[in-house]
Amino acid sequence: MSAPTLVLGTTAALFALGAMGVLLRRNPVALLMSIEILLNAANLLLVLGARVWGNPAGQATALIVLVIAAAEAVIGLGLALALFRNRERADVDDPHEVYG
Amino acid sequence: MDELIIPLALGCAVALLSALGVIALRRPVHSAMLLLVHSVAIAALFLMLAADLAALGQVVIYSGAIVVLFLFVVALLPAGGREGAPGWTRFLAGLLTGAAMLVALASAFSVGTPPPVDSPPTGPAPVGRALFGPLLVPFELTAPLLLVAVVGAVAIWRRQERPPREQPR
């Protein structure tokens, strides 16, 4: 197996694991961690493409995705805290209605 | 690149196993620590793929900032964020989605032919040139994005200031 194929398979498996985690977990924070795994898999694919084709734009895009992941984590965690701060347990199935 | 196959395989194995731990462990603190291992493994893979700048950003932003943020939030969650076991419908849905995603991605990847030539690694300078050349607009747009994220997080927090709960925790 060549090295690019190995990393390519890893990105596919990581993405599948992350998608699985998003559906499997009930804790909002663990759910956000699964989304981070998804973003890491996409980033790894971008960097692999940049390396294999010798195009530095892939690595630059990976950096931008990194910043977007940070913004997503901030908003997601803020929402999770705001939703579950006054509840007994943190479970994404619990809030049935959300008031604006 | 093929001479790095053993370290690459090691990094891939660590990244995959820690990702599995993140989604499988019940306690969010353990998940967050394994997310740290995962992000460091990804950074190591970036280094082996000659992406120094991306590896640096991965360590500083992911391992440094995001994982610490996760740990803070886990500490603030009710009951330490402990969760019950997933029901069998949830388990089935997760398993099916994971399998479908894997099959779809594998078939999509197997269609394209891998490039035959191994290009020489590029340093950080061309990355900067790409960032400030063709990718200038998305790069500049990340600044308002971060600003909106910070203001939004503060607004979400401030909006629902309520009297404290009746019974002490």
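A helix here is a DSSP run of H or I at least four residues long, numbered from the N terminus. Keep that in mind for the loop that Ala50(B) sits in, between α2 and α3 of chain B. One more thing before the views: this is a predicted model.

**View 1. Chain B, end to end.**
Chain B is built with six helices and zero strands. Walk along from the N terminus and you meet α-α-α-α-α-α. Of the 169 residues in chain B, 32% are buried. Take the contacts in chain B that join residues at least 6 apart in sequence: 56% of them link residues at least 24 apart. The outside of chain B exposes about 9900 Å², and 76% of that comes from carbon and sulfur atoms.

**View 2. The largest nonpolar core.**
Here's a general idea to start with: in soluble globular proteins, nonpolar side chains tend to be buried together. In this model the largest nonpolar core has 55 residues, and the ones touching the most other members are Val29(A), Leu44(A), Phe46(B) and Phe70(B). Which elements give two or more residues to this core? From chain A they are α1 (3-24), α2 (28-53) and α3 (56-84), and from chain B they are α1 (5-24), α2 (28-48), α3 (52-76) and α5 (124-132). The biggest giver is α3(A), with eleven residues.

**View 3. Phe46(B) and its company.**
Zoom in on Phe46(B), one of the core residues that touch the most other members. Skip the residues up to four places away in sequence, and what does Phe46(B) touch? On the chain A side there are Asn43(A), Leu44(A) and Val47(A), while chain B offers Ala51(B), Ala54(B), Ala55(B) and Gln58(B).

**View 4. Glu36(A), buried or exposed?**
Glu36(A) belongs to helix α2 of chain A. Its relative accessible area is 0%, so Glu36(A) is buried, given that the cut-off is under 20%. Setting aside neighbours within four places in sequence, Glu36(A) is in contact with Ala69(A), Glu72(A) and Ala73(A), plus Leu35(B), Tyr62(B), Ile66(B) and Phe70(B). Leu66(A) is 30 residues along the chain from Glu36(A), and their C-alpha atoms are separated by 9.9 Å.

**View 5. The cavity.**
How do you find a hole inside a protein? Rolling a probe the size of a water molecule over the atoms shows where empty space is left. This structure holds one cavity of 30 Å³ or more. About 60 Å³ of space lies in the largest cavity. Both chains line it: Val47(A), Ala50(A), Arg51(A), Gly54(A) and Gln59(A) are there, along with Leu49(B), Ala50(B), Ala51(B), Pro120(B), Pro121(B) and Thr122(B). The largest share of this lining, three residues, belongs to α2(A). Sort the lining residues by type and you get seven nonpolar, three polar and one charged.

**View 6. Ala50(B), a cavity-lining residue with a positive phi****.**
Most residues other than glycine have a negative phi. Ala50(B) is not a glycine, yet its phi is positive, about 60 degrees. You'll find Ala50(B) in the loop between α2 and α3 of chain B. Ala50(B) counts as buried because its relative accessibility is 17% and the limit is under 20%.

**View 7. Two partly exposed residues of chain B****.**
Ala65(B) is in helix α3 of chain B. Ala65(B) has a relative accessible area of 44%, so it is partly exposed. Leu45(B) and Ala65(B) are 20 residues apart along the chain, with their C-alpha atoms separated by 20 Å. Now jump to Leu136(B) in helix α6 (residues 136-159) of chain B. Leu136(B) counts as partly exposed because its relative accessibility is 32%. How far apart are Leu136(B) and Trp88(B) in space? They are 47 Å apart, C-alpha to C-alpha, and 48 residues apart in sequence.

Notes:
Residues numbered from 1 in each chain as written. Chains lettered and ligands numbered in written order. Predicted model: local features only at pLDDT ≥ 70, side-chain atom pairs only at ≥ 80, totals over all residues. Heavy atoms only, no water. Core = buried A, V, L, I, M, F, W, Y, C linked by side-chain atoms within 4.5 Å. Buried < 20%, exposed > 50% of the residue type's maximum accessible area, 1.4 Å probe, protein only. Contact = heavy atoms within 4.5 Å. 1 Å grid on protein atoms, 1.4 Å probe; cavity = no way out; pocket = protein on both sides within 12 Å on 5 of 7 lines; lining within 4 Å. Points joined across faces, edges and corners; volume = space filled by probe spheres on them. Nonpolar A, V, L, I, M, F, W, Y, C, P; charged D, E, K, R; others polar. Areas by Shrake-Rupley, 256 points an atom, 1.4 Å probe, with all protein chains shown as cover.
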